Each structure stands twice: as C-alpha cells, then as structure tokens.
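Dear colleague,

Please find below the structure that I am handing over to you. My notes on its strands and sheets follow directly after it.

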Amino acid sequence: MINYGRQFIDDEDIQAVVDTLKSDFLTQGSKVPEFERAVCDRVNAKFAVAANSATSALHLACLAVDLKEGDIVWTAPNTFVASSNCALYCGAKVDFVDIDKDTWNMCPDKLRIKLEESKQKNLLPKAVIPVHFSGQPTIQEEIYKLSKEYGFIIIEDASHSIGSSRNNEPSGSCKWSDIAIFSFHPVKMITTGEGGMALTNNEEYAKKMDLFRSHGISRDSNFLEKNDLPKYYYEQHSLGYNYRMTDIHAALGISQLRKLDKFIDTRNKIALRYDSELKELPLHLPYIAEGNKSSYHLYVIKVKDTFSKQKSRDKIYSELIEMGIGVNLHYLPVHLHPYYRKLGFFDNQYPVSENYADNALSIPIFYSLTDDQQTKVIDSIKQALK
C-alpha cells in the first residue's frame, strides 16, 4: 500500500533523539526553547509556544484571547474537527464560513457577506479561525482587513502549511493574524512525532499560552505575587493544562526543520508531475492562488460533477484501495458530524464544502515517494476513471 502521507526520518534525526535520551533532561530542558527559537527565525515571528499537539496549541490560542461562554467563533467546514473543537472547549459557540470553490479555503467574499449579515443581528464573531487547507495559505490580507473593520481576532490554523508563503510572507509570521498554529504530526512536512506550536507577535498572548500549557503555574519572579522566596517556590495563577512538548520531541523537530526546504521542494515537484499527467482526466486539480506557495501537505483530486454521475467518488476510492493506493478523504465537513448535528447543523448548509467532500480524494504525496510509486499512483487513477 502506498499511503497518502508518511514521515521521513534519517540517521541525523535518530541521533538527535538518542542524544537527548542520553542527556540530563527528557523534558523541560533546553531543546523546546531551542526549537521555538528556530521556528520563530524561520517564519519571522517574535514568539513561539510549543505544545504536545496542534489541537493543544489551538486550545491555548483560544485561552490566550480569552474566549469564553457567549463568544462566537467562525472557521471553515473543510477541516479537521480540532479547528472548531478548540472554541467549544472554552464554552464558545461555533459557526462556519463556506469555502472557495477553487482554493478550498475559507472564501473571503462569503466571510464578508456573513459579517455584514451578522452585524445586523449583533452576532459578530469574537474570533475567526481560517484554515490553510492542504498547505495553501488563505487570502490572509483580505481576512485581516475584515478583522479591522469588524473587530474580530484571527487565529490561523496553519497546521498544514509550515514552509508555505503568501506574497513571500512565510506562513506563521502573523503579519495578518494574531496567532498562527503549526502541526508536527508525522504526515505533515516536518514531524516531532506528535506536536504543535503557536506563533504570535503579541507578547501578552505568548505569556498566557506559556502559562496555560503548564498547569497555569509560574516560577517567574516577575509574575509571582510573593517575592524573595526560595527557588522551589511556584504559584498557580490560572486553571491550566499539561500541554508541554518534551525535549525528545523537540530534538526531532530541530533536526527535521533543517530539512524543511528540501521536503517542500520535493513535494512541489511531485505536485507538478501530478498536475501534468492528470490534467486531461475528469478531475479538478489543486488550484494555487496567485502569490501563494503551497507546502503541499496534501494533493487533492476532485472528481468533476459530470463524471461523478457515471462513477461515484466512493467507487473510485474502493478501486484505488484495491490497487494498493492509499487514498483518503480530507475532510468530512465538520458540521455534518453527529456531534455537530446535535448542535443544530444540517445538510446543505455549506454547499461548496459538502460538494467538495462528496467528490474529493487525497492521493499520495510525501518526501520519499519514488518515481515508480508515483507512476503507479497515476496509472491507477487513470484505470479507476475508465
């Protein structure tokens, strides 16, 4: 089976982890701060807070901007459930903005219309969470302009897009947002095993996220209510969580980050070959907006509506699996999961996302995909579409 994605680990990565395992600290040592600084330097952000997953990082971001019961958060339906669950954890209400039919990202025009309508009803969101689907940045400067007009906070779910850029601005720089989130799951561009990170240029948000990720406890003398006490002294200031990343995971992340450029270059070359060899098939291929460089976390093909009447996506999926091609769907629309239906969401509410989900397949793309493997994927897709 050729899976849709997988990690690439070399001897340098293994040695980095082994060195940390042999060191004095497996957690709360020097590696997590080193990893945070390295990512900041890479994306031109001022502050970084590493966490044990991107889901945790999203929750930390929501806590930092003080989301609470009665607040409203909007995100895209075409995402993993963590993009909206993070707001529910804080007691906020969630709603969605449909995606653009070409980029499959949150549509700025639909966002503008929804904001205009919601302003009349006094139901504007406190925060919007745009998702960089498949590694392509959102049209972030337009969303940022709307945030200034309508007064909402932006948390970019950039889990798919470390190494990508918008108008030469690296994803994660927070030029057009308040906080941005990366994921380091094994199928992402670089991995820490499990892990995530929140980037921000707001020092207050960074301090809050740092506090919340470690039980709400601080030993910082500048933060404590009592002073001139022994080093063992600490105080809990908030109801926090244990969302810390270990030094073991961070050591792997540091090593992986050094290879990010070649990982992204290879993914783009794989994508270009798919573009060339699949373009005559009854498929919508990924559209990269002008000014965007994608990290190509995913390469998605979408069966054209006219062809899907002859052969369904699910039939194509089954045939590809039988041929040993590990295709997948990213994603089932969040609002159609049973949990969200119980919150009041329903079919045909976000038609572009739903049509996308009915016809899309993620096909294999990862750094170590060989030419022969890609040829097998291409030939299998052609066979399945006959």
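Which residue in E17 is the bridge partner of lysine 302? The partner is alanine 360. Before I continue, two remarks on conventions are in order. The model is predicted, with local features requiring pLDDT of at least 70 and side-chain atom pairs counted only at pLDDT 80 or more, whereas totals for chains, interfaces and linings use all residues. Residues are numbered from 1 along each chain as its sequence is written, and side-chain values rest on heavy atoms, with hydrogens and water left out. Helices (H or I, at least four residues) and strands (E, at least two) are DSSP runs, numbered from the N terminus. Two strands are said to pair if DSSP finds at least two bridges between them.

The sheet with E17

Lysine 302 and alanine 360 belong to the pairing of strand E15 (residues 299–303) with E17, which is antiparallel and comprises four bridges. The sheet is open and has three strands in the order E13-E15-E17, paired in the antiparallel sense. Strand E13 (283–284) and strand E17 (360–363) each have a single partner strand and stand at the edges, so one side of each lacks a neighbour in the sheet. Helix H13 (residues 351–359) packs on this sheet and touches E15 and E17 (contact means heavy atoms within 4.5 Å). The direction of H13 makes about 95° with that of E15; axes are lines fitted to C-alpha atoms, for helices over the stretch in contact, and angles run from 0 to 180 degrees between N-to-C directions.

The sheet with E7

Another open sheet of three strands has the order E8-E7-E14, again with antiparallel pairing. Its edge strands, E8 (169–170) and E14 (292–293), each pair on one side only. Strand E7 (residues 165–166) is joined to E14 by two bridges, and serine 165 has lysine 293 as its bridge partner there.

Strand E6 and its neighbours

In strand E6 (residues 153–157), five of five residues are buried (under 20% relative accessible area, 1.4 Å probe, protein chains only; exposed is over 50%, partly exposed in between). Ile153, Ile155 and Asp157 lie on one side of E6, and Ile154 and Glu156 on the other. Strand E5 (residues 127–129) runs parallel to E6, with two bridges between them, and valine 128 stands opposite isoleucine 154. From E5 the chain passes through helix H6 (residues 140–150) to E6 in a right-handed β-α-β crossover (with the strands pointing away from the viewer, the path from the first strand over the helix to the second runs clockwise). E6 also pairs in the parallel sense with strand E9 (residues 179–183) over three bridges, where glutamate 156 faces alanine 180.

With kind regards
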